[in-house]
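Student: I should like to learn how to read the features of a protein model. Could we go through one together?

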There are 2 protein chains.
Amino acid sequence: MKNVVIGIDFGGTTIKFGVVTEEGKIIDKWVLSTPTQSDPKATMKKITSEIIEKVEGNYHLLGVGLGIPGSVDPLTFKVYDCNNLGWNEETDLIKYLKPVLKVPVIIENDANVAAIGERWQGAANKDNFMYVTLGTGVGAGIVLNNRLIKGSTGAAGELGHVIVKPDGLKCTCGHRGCLETVSSATGIVRLYKQFTNTNINITTKQIFDQAKNNSPIANKTINVACDYLGLAIANVVNVLNLQEIIIGGGVSNAGEFLRSKIEKSMNKYLYLSNQGITKVKLAILGNDAGIYGAAKLALNNKNITI
Amino acid sequence: MKNVVIGIDFGGTTIKFGVVTEEGKIIDKWVLSTPTQSDPKATMKKITSEIIEKVEGNYHLLGVGLGIPGSVDPLTFKVYDCNNLGWNEETDLIKYLKPVLKVPVIIENDANVAAIGERWQGAANKDNFMYVTLGTGVGAGIVLNNRLIKGSTGAAGELGHVIVKPDGLKCTCGHRGCLETVSSATGIVRLYKQFTNTNINITTKQIFDQAKNNSPIANKTINVACDYLGLAIANVVNVLNLQEIIIGGGVSNAGEFLRSKIEKSMNKYLYLSNQGITKVKLAILGNDAGIYGAAKLALNNKNITI
């Protein structure tokens with residue numbers, strides 16, 4: 001039987017599973033709806049039975065990696081801040097998974113997992129980079145010297161709450177002017193409504209489409225969102241001397257139109273020693289980044305060097 | 001003969017030497033004026049003869065560490081951006097030092113070296129922290145998972161060029177609103193002149209003394225400088241989930257008055273997951289931080305785990 005790992009991208013809406021070879025090929029994948037119940041134990045039971053059903057008699061399972069929308073304590077590996085899943089308490093998921101699966105299980109924040117996926121099989125070609133996910137919010141996974149940066153309590157990468165305008169719009173976190181108030185999918189819609197002085201029902205994609213068709217107000221919206229994003233990214237690059245920024249998440253579907261604007265804004269704010277060195281690139285793994293990254297973490301097993 | 005290393009803090013004004021034991025004790029130290037000539041080779045010859053004269057017949061020299069006001073290429077170990085020394089080209093200092101000294105030689109940026117010094121024998125007690133030096137400019141050394149962050153080209157830690165006010169004062173780097181335009185020693189004087197609408201001849205120390213004596217305009221100056229510093233630090237902490245910020249450099253002589261203002265401003269901008277976790281502390285090694293840090297690097301020899 002073939003050696004494989006299973007990479008899981010556990011989101012607020014769906015749970016994506018992938019059977020991945022040691023060489024980095026997804027040879028099977030499937031999706032479940034995320035259970036609406038907020039009981040981690042029952043959800044983990046569902047996940048283990050899905051895995052066992054898939055691998056039994058078919059594959060030799062080496063390990064399981066799980067990306068979650070929350071933080072992971074780097075010492076206890078318990079998860080917390082999983083607000084999108086409706087989990088209000090610190091939870092030991094490994095306790096529910098490992099005894100049943102009988103293989104090593106690795107859990108990591110979803111943006112961190114996507115960063116590792118893009119480094120393994122995607123757009124990230126350098127040892128010092130930041131993966132930025134632009135979706136409902138803004139998140140990031142940072143890799144330095146080819147090692148994932150987890151932070152002292154596993155909460156590194158809160159790029160969405162970098163403050164770009166201290167007197168700016170109110171954020172869900174309580175502060176004003178956080179990056180995600182202006183540069184996330186919801187932030188872009190919010191800016192558009194502000195600039196049109198309306199409460200129009202519009203999507204981020206529609207705003208991008210209008211901007212690409214030269215609508216002045218849509219262009220202004222996207223330019224402002226990209227300017228703040230370029231500023232926040234440049235400030236991180238100035239401090240960490242990164243080589244690449246990889247843009248992923250739903251908003252990144254706007255493609256080269258978005259990428260070039262972010263790179264231009266970033267360069268405007270970059271300190272000289274980084275200008276021309278740091279590149280902005282689009283992520284290429286789409287919805288599979290989480291599966292690849294979780295699989296790679298499972299292959300590495302607790303060794304977080306990519 | 002006792003095993004020792006020599007730690008050197010090479011600044012624009014002085015070169016400080018320390019003979020340091022393996023246990024971290026400075027048992028001898030001395031200072032030279034930095035030669036005004038801009039010839040690295042002649043200066044390195046002076047440094048090697050100083051070292052040989054000191055150790056010959058007295059100590060068993062294990063290695064030499066050198067902190068410099070510039071960047072060090074992490075691959076070639078050549079130094080560049082040493083503008084304060086009047087060196088305009090990338091320079092291989094190790095070539096001048098190692099064959100003469102016949103021991104391993106380590107070269108590192110001065111803020112990075114001070115960070116390591118404070119971690120070894122000073123105020124930094126955590127594995128994830130940033131050392132911030134407030135002097136003529138603003139610099140930083142960052143340690144994550146107890147490893148020094150050098151960046152892709154050795155230029156990590158440019159906290160002074162993090163942009164805190166895109167439409168702000170012009171910086172020497174060409175951008176507007178860099179942190180060091182408002183929170184360095186020169187920035188604080190500049191703010192004071194702006195607020196008093198004068199071109200008065202005053203030092204940062206005098207402004208702090210006036211602020212401590214409740215001068216409204218001096219207090220406003222310090223509060224604004226600390227607010228921008230708190231914002232820039234909070235944004236780094238939000239991204240890196242740091243446990244400690246260590247404040248060093250000449251401006252840090254303002255002591256607890258300064259520290260408490262920076263911590264208060266930082267907390268104002270910190271994302272919830274870092275509030276109450278990240279502490280601001282004053283550096284405690286003063287002018288010896290560079291000697292300790294360079295010595296520790298020499299002891300570790302190319303192994304940059306502290």
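Tutor: Let us begin with a definition: a polar contact is a pair of N or O atoms within 3.5 Å, where, within protein, one atom must be able to donate a hydrogen and the other to accept it. Please keep in mind that this is a predicted model.

Student: Which residue caps the N-terminal end of α3(B)?

Tutor: Asn109(B) does so, with a side-chain oxygen 2.9 Å from the backbone nitrogen of Ala111(B). That distance is within the cut-off of 3.5 Å.

Student: How far apart should the ends of α3(B) be?

Tutor: The expected span is 1.5 Å times one less than the number of residues. For the 12 residues of α3(B) this gives 16 Å, and the end C-alpha atoms are 16 Å apart, so the two values agree. Helix α5 of chain A, residues 185-196, offers a second case: it also has 12 residues and reaches 17 Å, close to the expected 16 Å.

Student: Is α3(B) mostly covered or mostly open?

Tutor: A residue counts as buried when its relative accessible area is under 20%. In α3(B), 10 of the 12 residues are buried, among them Ile116(B) and Trp120(B). The helix lies across β2, β4 and β7 of chain B, at about 105° to β7(B).

Student: What covers the buried residues of α5(A)?

Tutor: An α-helix has 3.6 residues a turn, so residues three or four places apart point the same way. The buried residues of α5(A) are Ala185(A), Gly187(A), Ile188(A), Val189(A), Leu191(A) and Tyr192(A). Their cover includes α4, α6 and α7 of chain A.

Student: Is Thr48(B) buried or exposed?

Tutor: Thr48(B), in helix α1 of chain B, has 4% relative accessibility and therefore counts as buried. Leaving aside residues up to four places away in sequence, Thr48(B) touches Tyr96(B), Leu97(B), Val100(B) and Leu101(B). Helix α2 of chain B covers residues 93-101 and lies across β4 and β7 of chain B, running at about 150° to β7(B).

Student: In what order do the strands of the open sheet in chain B lie?

Tutor: The order of strands across a sheet need not be read from their numbers alone. Here 5 strands form the open sheet in the order β3-β2-β1-β4-β7, with mixed pairing. β3 and β7 of chain B stand at the edges with a single partner strand each, so one side of each has no neighbour in the sheet. Neighbouring strands of this sheet are turned by 20° against each other on average, direction ignored. For one pairing, look at β2 and β3 of chain B, which run antiparallel and are joined by 7 bridges; Gly18(B) has Lys29(B) as its bridge partner.

Student: How many residues lie between the two strands of the hairpin that β8(B) and β9(B) form?

Tutor: There are 3 residues between them. The strands run antiparallel with 6 bridges, and Val132(B) is partnered by Ala140(B). β9(B) also forms a hairpin with β10(B), with 2 residues between the strands. In that pairing there are 2 bridges, and Leu144(B) is partnered by Arg147(B).

Student: Which residues point each way from β9(B)?

Tutor: Val138(B), Ala140(B), Ile142(B) and Leu144(B) point one way, while Gly139(B), Gly141(B) and Val143(B) point the other way. Every one of these residues is buried, which fits the count of 7 out of 7 for β9(B).

Student: Which kind of phi do most residues have?

Tutor: Most residues other than glycine have a negative phi. Exceptions deserve attention: Asn145(B), in the turn between β9(B) and β10(B), has a positive phi of about 50°, and Asn146(B) has one of about 65°. At 17% relative accessibility, Asn146(B) counts as buried. Lys102(A) has a positive phi of about 60° and lies in the loop between α2 and β7 of chain A; at 70% relative accessibility, Lys102(A) counts as exposed. Just after α5(A), Asn197(A) takes a positive phi of about 55°.

Student: What rotation superposes chain B on chain A?

Tutor: A rotation of 180° does, with 0.0 Å of shift along its axis and an RMSD of 0.0 Å. That is the relation of a two-fold axis. Val236(B) comes closest to this axis among the residues of chain B, its C-alpha being at 3.6 Å. Of the interface residues of chain B, 100% are also interface residues in chain A, so the copies meet through the same surface.

Conventions:
Residues are numbered from 1 along each chain as its sequence is written. Chains are lettered from A and ligands numbered from 1 in the order in which they are written. This is a predicted model: local features need pLDDT of at least 70, side-chain atom pairs count only at pLDDT 80 or more; totals for chains, interfaces and linings use all residues. Side-chain values use heavy atoms; hydrogens and water are left out. Copies are superposed by least squares on the C-alpha atoms of residues with pLDDT of at least 70 in both. Contact means heavy atoms within 4.5 Å. Two strands pair if DSSP finds at least two bridges between them. Helices (H or I, at least four residues) and strands (E, at least two) are DSSP runs, numbered from the N terminus. Axes are lines fitted to C-alpha atoms, for helices over the stretch in contact, and angles run from 0 to 180 degrees between N-to-C directions. Buried means under 20% relative accessible area, exposed over 50%, partly exposed in between (1.4 Å probe, protein chains only).
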